[in-house]
Amino acid sequence: MITVLFAAPSLWPEYTEALPAALTGAGLSARIVTETTDPASVDYIVYAPSAPLQDFTPYSGTKAVLSLWAGVERIVGNATLTQPLCRMVDPALTEGMVEWVTGHALRHHLGMDRHIVNPDHIWDPTCPPLARERPVAMLGMGALGSACAAALRAINFPVTGWSRTPKAGCLHGEAGLETVLKDAQIVVTLLPKTPDTENLLRASTLALLPRGAVILNPGRGALIDDADLLAALNSGQVGHATLDVFRSEPLPKDHPFWSHPNVTVTPHIAADTRPASAARVIAENIRRGEAGEPFLHLVDRSRGY
Ligand SMILES: NC(=O)c1ccc[n+]([C@@H]2O[C@H](COP(=O)([O-])OP(=O)(O)OC[C@H]3O[C@@H](n4cnc5c(N)ncnc54)[C@H](OP(=O)(O)O)[C@@H]3O)[C@@H](O)[C@H]2O)c1
């Protein structure tokens, strides 16, 4: 029987049924514990950033650490973690992100706000352009970015992707970023937080955008320089920013994003890990570990995601 340490006690109530069911469904016989006095006996650790566990050294027999979160910036540099680290790629989480990105892109594309809040009852029959006339930049074309790009393309938005490595239909590198931003009326940031992506959107890159472009950031707060974004919003260079993630969360009550008329704050809800499907992803990785098969969604520590 294998031992699974569920190291995120605050999340355990959501997984008490889902994780045992998923492990059984994967044909595994497992003992799940939420704490242990015998760390060397733990085969797998289920981890979330809220987990008190920070020192992985005593877990000498652990075959993998399985993150419940897609973003792993808070654990990837942990020097005590020498075991394989897998991140969460959950179909339901992806579905949630597709809905958030599509919904917010359509809000701005259709100019919904001026019809929803119209206290002076102004009859303005200006029609929005078609989606096919509204270029979108998808910064990050991984599990989430590529799914969001596909959904936006399905309703005719011309989406140009940008990633770290070359791939079909996608730009990369500094020159690629310049090209993708110069055209984009909507920019979606779905990059991980790494030393290379921090402050990717700053004064110099925001200046490349067509005036009035909209930014949707469900990636990580650190991808954008807050002060530069506020300056670009104040000058009209950026028309609106819809932000789900922040350098400090919850976003402090006195942060200027809350009161800026052209900023929408959503409280890190773009895409939640859903226990039922996430438990199946965890169980599949444990099954693979036990069968000697390669783990899914393995994090490359050297690149940081
Ligand atoms: N707001 C929320 O609720 C929420 C929920 C889940 C995740 N997230 C965030 O979304 C992020 C993306 O998730 P994912 O599952 O799509 O990650 P992923 O599959 O690892 O994809 C990351 C993408 O970013 C690209 N990238 C990484 N570093 C880059 C760089 N320096 N320059 C250009 N492109 C770079 C990668 O390029 P390559 O393809 O070339 O490797 C890849 O296309 C997560 O890291 C997390 O921060 C937010």
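Guide: Two residues are in contact here when heavy atoms of theirs lie within 4.5 Å, and the model we are looking at is a predicted one.

Visitor: With that in mind, how many residues of domain 1 are in contact with domain 2?

Guide: The domain assignment gives domain 1 as 2–90 + 273–291 and domain 2 as 91–265, and their C-alpha centres lie 33 Å apart. Where the two domains touch, seven residues of domain 2 take part, and the number of residues on the side of domain 1 is ten.

Visitor: How much area do domain 1 and domain 2 bury between them?

Guide: The size of an interface is often given as the accessible area lost when the parts come together. Of the area buried between domain 1 and domain 2, 59% is on carbon and sulfur atoms, and the total is about 750 Å². On the side of domain 1, 58% of the buried area is supplied by three residues, more than by any other three, and these are E73, D90 and R274.

Visitor: Which residue forms a salt bridge with E73?

Guide: Between domain 1 and domain 2 the count is one salt bridge. A salt bridge requires a side-chain nitrogen of Lys or Arg within 4 Å of a carboxyl oxygen of Asp or Glu, and the closest N and O atoms of the pair that includes E73 are 2.6 Å apart, so the cut-off is met, and the partner is R220.

Visitor: Why is C148 classed as buried or exposed?

Guide: The structure holds zero disulfides, and for C148 the nearest cysteine sulfur, that of C170, is 14 Å away. Buried means under 20% relative accessible area and exposed means over 50%, so C127 with 66% is exposed. C148 is buried because its relative accessible area is 0%.

Definitions and conventions
Residues numbered from 1 in each chain as written. Predicted model: local features only at pLDDT ≥ 70, side-chain atom pairs only at ≥ 80, totals over all residues. Heavy atoms only, no water. Domains from an automatic or database assignment. Buried area = accessible area lost by both parts, 1.4 Å probe. Disulfide = S-S within 2.5 Å. Buried < 20%, exposed > 50% of the residue type's maximum accessible area, 1.4 Å probe, protein only.
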